[in-house]
Amino acid sequence: MNTKPTMLLGLFALGLQAQMNTEVYLMDIIAEEGALTLGPAKNISNNEGYDNQPSFYNDNQVLFSATRNGQTDIAQYNVRDAVIEWRSNTKQGSEYSPLKIPGKREVSAIRLDTNGLQRLYRYDMASGVPQLLLKDQKVGYHLWYNDEVLVTTVLVENRMDLVVSNLKDHTHFTYQKNVGRSLHKIPNSNLVSFVSKEQNDYWEIKSLNPITGATETITKIPPVQEDMCWLLNGSILMARGNTLLQFNPEKDENWSIFHRFENKNLGAISRLQTNANASKLALVSEISPELVVQRQVDAFNTRDLEKFAACYSSNVVVKNFPGDTLYTGNTALKNNYQRFYDKNPDVKVEVLKRISIGNKVIDEEKVTIAGQEHRQAAIYEVNNGLISSMTFVLENHKNEDAVVIVDKQLEVYNARDIDGFVATYAETIETYDFPLKLRSKGREQLRQGYKGFFESTPDLNCTITQRIVLGNIVIDEEFLTIRGNNVNAVAIYEVKDGKIAKVTFVR
């Protein structure tokens with residue numbers, strides 16, 4: 001079992017040239033009896049390729065960047081009519097991060113030209129004609145403070161710096177080096193927020209008065225996620241995987257869950273944005289890991305090698321559990337599966353169970369080859385909408401007592417019986433984070449790791465939601481209650497000689 005919840009926020013980094021298959025979703029923020037909830041998520045881009053960086057032109061119009069005809073243009077979604085209109089068609093470049101310019105029927109956007117030049121432009125909403133806004137600055141992201149003052153992140157070497165530009169007097173002041181991409185106005189104030197990356201061990205959400213330059217720290221955050229937005233009640237929303245967390249700097253000490261999406265089409269979430277009165281939320285989601293994995297299952301069964309290989313990254317790693325590398329690279333994948341198809345004209349895979357956790361999907365599979373059935377599990381790791389690793393768990397050893405031993409371990413775990421718990425493990429027990437990061441070795445380290453945890457967690461409880469058994473290997477999807485928090489975890493137990501010899505935690 002996992003010993004404690006991790007509140008680290010999942011990383012989602014996306015440069016202008018590192019495009020992936022993403023979608024823009026829109027939903028209502030509903031206020032009922034003093035609490036805020038989210039309505040159903042609607043895919044408003046619904047487009048193969050890169051759809052990203054949404055913002056609100058007004059309550060009925062959502063701007064975002066979208067791929068068409070091999071380039072990225074400014075799209076405008078009409079909420080009432082559910083239609084998309086295009087606001088740019090720049091043959092020599094692509095547009096990103098469109099924003100309404102205050103008081104004008106114009107939009108600003110970052111344009112990345114085919115020759116590599118990256119600048120901030122303004123676009124007339126009717127004609128789409130561009131006009132250069134900032135001549136000499138390589139702007140990454142921007143925010144309109146008012147119709148004359150821009151807060152921008154400017155690319156300098158391998159970082160972004162926070163710069164305030166006054167379009168009227170043509171001044172530019174750098175207020176902070178090494179900042180993130182998330183820039184927002186703070187509700188009910190004359191301040192904006194940004195993410196400072198000056199510290200290595202943590203990042204900070206900070207406030208800035210663009211007129212005076214006054215800066216204050218709002219809160220520290222783990223150095224892995226920077227996409228956020230503000231609600232009118234003063235709370236910050238931030239994504240972790242496909243879950244939204246919330247934090248109110250005025251009254252909260254810790255982040256809590258605001259909304260966990262059950263929609264299987266949503267993957268890792270980024271780019272959060274609310275409208276002016278915070279009644280609507282727009283966000284960006286990667287294609288969900290489950291959908292990617294199912295596409296490759298379907299392509300495998302139809303023997304469509306091109307579609308199958310297209311689900312995998314160019315440098316995909318294929319292994320046997322836990323770390324025996326079979327081959328790497330998409331070309332090697334295609335060659336291996338072409339030989340497999342040639343050798344086995346009658347083959348089919350059926351998914352018996354599916355466990356999803358973060359960017360990983362674990363399938364229990366029944367593979368039928370020439371009428372002979374074989375069982376295995378496959379652990380798929382999905383990044384940027386493609387499978388980056390595939391690890392096979394094979395039924396190599398028979399052990400009828402594996403389930404009994406793991407169940408006994410679960411019983412004493414829930415009872416917080418440290419002696420009984422340790423007794424279910426071998427003297428040489430090793431625990432790992434997937435795939436092969438050692439956490440502990442030997443019973444004594446295991447005891448020390450769990451003893452204080454048991455003593456300080458009176459509400460500790462673990463239940464099994466799904467289980468895959470392959471000989472002496474038991475893969476459990478676990479639902480844990482820990483100090484008032486609910487956490488999902490996956491543990492792979494390997495049983496030998498009546499004891500648990502190894503545990504691998506999948507996060």
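Biologist: Is Asp113 buried or exposed?

Modeller: In this predicted model, the relative accessibility of Asp113 is 10%. Buried means under 20%. Asp113 therefore counts as buried.

Biologist: Which residue does the side chain of Asp113 meet in a salt bridge, and is that residue buried or exposed?

Modeller: The Asp113 side chain pairs with that of Arg111, at 2.7 Å from N to O. Arg111 has 6% relative accessibility, so the Arg111 end of the salt bridge is, by the 20% limit, buried.

Biologist: Which residue forms a salt bridge with Asp363?

Modeller: Asp363 has a relative accessible area of 0% and is buried. The closest N and O atoms of its salt bridge are 2.7 Å apart. The partner is Arg354.

Biologist: Why does Arg354 count as buried or exposed, whichever applies?

Modeller: The cut-off for buried is under 20% relative accessible area. Arg354 comes in at 19% relative accessibility, and therefore counts as buried.

Biologist: Where do Lys451 and Glu455 lie?

Modeller: Their side chains meet in a salt bridge, 2.9 Å from N to O. The two residues are four apart in the chain, about one turn of the helix. Both belong to helix H6, residues 443-455.

Biologist: Is Glu455 buried or exposed?

Modeller: Its partner Lys451 is partly exposed, with a relative accessible area of 37%. For Glu455 the relative accessibility is 56%, and exposed means over 50%. Glu455 therefore counts as exposed.

Biologist: Which residues are joined into one network by salt bridges that share partners?

Modeller: A search of the whole structure finds 30 salt bridges. Among the residues they involve, shared partners link three into one network: Glu157, Arg159 and Asp161.

Biologist: How many residues line the second largest pocket, and which lie nearest its centre?

Modeller: The space in this pocket is about 930 Å³. Its lining comprises 37 residues. Those nearest the centre are Leu99, Leu143, His184, Gln273 and Thr274.

Biologist: Which element gives the most to the lining of the second largest pocket?

Modeller: Elements that give two or more residues to this lining include strand E8 (93-100), strand E12 (139-144) and strand E24 (266-274). Strand E4 (51-58) is also one of them. The most, six residues, comes from E4.

Biologist: How many residues of each class does the lining of the second largest pocket have?

Modeller: The charged class supplies six residues and the polar class 10. The nonpolar class supplies 21.

Technical notes. Residues are numbered from 1 along each chain as its sequence is written. This is a predicted model: local features need pLDDT of at least 70, side-chain atom pairs count only at pLDDT 80 or more; totals for chains, interfaces and linings use all residues. Side-chain values use heavy atoms; hydrogens and water are left out. On a 1 Å grid over the protein atoms alone, a cavity is a set of points where a 1.4 Å probe fits but cannot get out, and a pocket is an open set with protein on both sides within 12 Å along at least five of seven lines; lining residues have an atom within 4 Å of a point. Grid points are joined across faces, edges and corners, and a volume is the space filled by probe spheres set on the points. Ala, Val, Leu, Ile, Met, Phe, Trp, Tyr, Cys and Pro count as nonpolar, Asp, Glu, Lys and Arg as charged, and the others, Gly among them, as polar. A salt bridge is a side-chain nitrogen of Lys or Arg within 4 Å of a carboxyl oxygen of Asp or Glu. Buried means under 20% relative accessible area, exposed over 50%, partly exposed in between (1.4 Å probe, protein chains only).
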